[in-house]
Amino acid sequence: MSVTEAKIDWGRAPADTPVCPEKEIYLRDIVQTILDGYETPELVMEELEISPSDVGADQVPEILNIFVPVIAAWRSGSCGGSCGG
């Protein structure tokens, strides 16, 4: 089953879950770009050289919707160590 065929729970997916398999981009790569300050789908896709036509590109906004708020809360200290995706 491919990334586009299966509905992935990105908040629970392992870091090595492929997002754009053809470009060998994994969930950990997307999360790292968020940690590096890229917090919009356009910026993440530009940084990782993902084009809108790449398999899995449509998953980037969903991943950011989960991880950007969690990382922001973690950075601000409002998680109390219990933030989860």
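Start at I30 in this predicted model: leaving aside residues up to four places away in sequence, I30 touches V19, I25, V44, L48, I50, V60, I63 and L64. Keep that list in view, as several of its names come back below.

I30 belongs to a wider group. The largest nonpolar core has 20 residues, and I30 is among those with the most contacts inside it, together with W10, L27, I50 and F67. Which elements give two or more residues to this core? They are β1, α1 (27-35), α2 and α3, and α3 gives the most, with six residues. As a general backdrop, nonpolar side chains in soluble globular proteins tend to be buried together.

Now turn to two of those contributors. Helix α2 spans residues 41-48 and helix α3 spans residues 60-76; the two pack at an angle of about 115°, with axes 9 Å apart. The crossing of α2 past α3 is right-handed. On the α2 side the contact is made by P41, V44 and M45, and on the α3 side by V60, P61 and L64. Sorted by class, this contact has six nonpolar residues, with no polar and no charged ones. V44, V60 and L64 are also among the residues that I30 touches.

Finally, have a look at T17, in the segment before β1 (18-20). Is T17 buried or exposed? Its relative accessibility is 12%, so T17 counts as buried, the cut-off being under 20%. The T17 side chain reaches the backbone oxygen of P14 at 2.8 Å. Not counting residues up to four places away in sequence, T17 touches I8, W10, Y26 and L27. Two of these, W10 and L27, take us back to the core, where they are among the residues with the most contacts.

Technical notes. Residues numbered from 1 in each chain as written. Predicted model: local features only at pLDDT ≥ 70, side-chain atom pairs only at ≥ 80, totals over all residues. Heavy atoms only, no water. Axes fitted to C-alpha atoms, helices over the stretch in contact; angles between N-to-C directions. Helix = DSSP H or I, 4+ residues; strand = E, 2+ residues; numbered from the N terminus. Left-handed = near helix turned anticlockwise from the far one by under 90°. Contact = heavy atoms within 4.5 Å. Nonpolar A, V, L, I, M, F, W, Y, C, P; charged D, E, K, R; others polar. Buried < 20%, exposed > 50% of the residue type's maximum accessible area, 1.4 Å probe, protein only. Polar contact = N/O pair within 3.5 Å; in protein donor to acceptor, adjacent residues only side chain to side chain. Core = buried A, V, L, I, M, F, W, Y, C linked by side-chain atoms within 4.5 Å.
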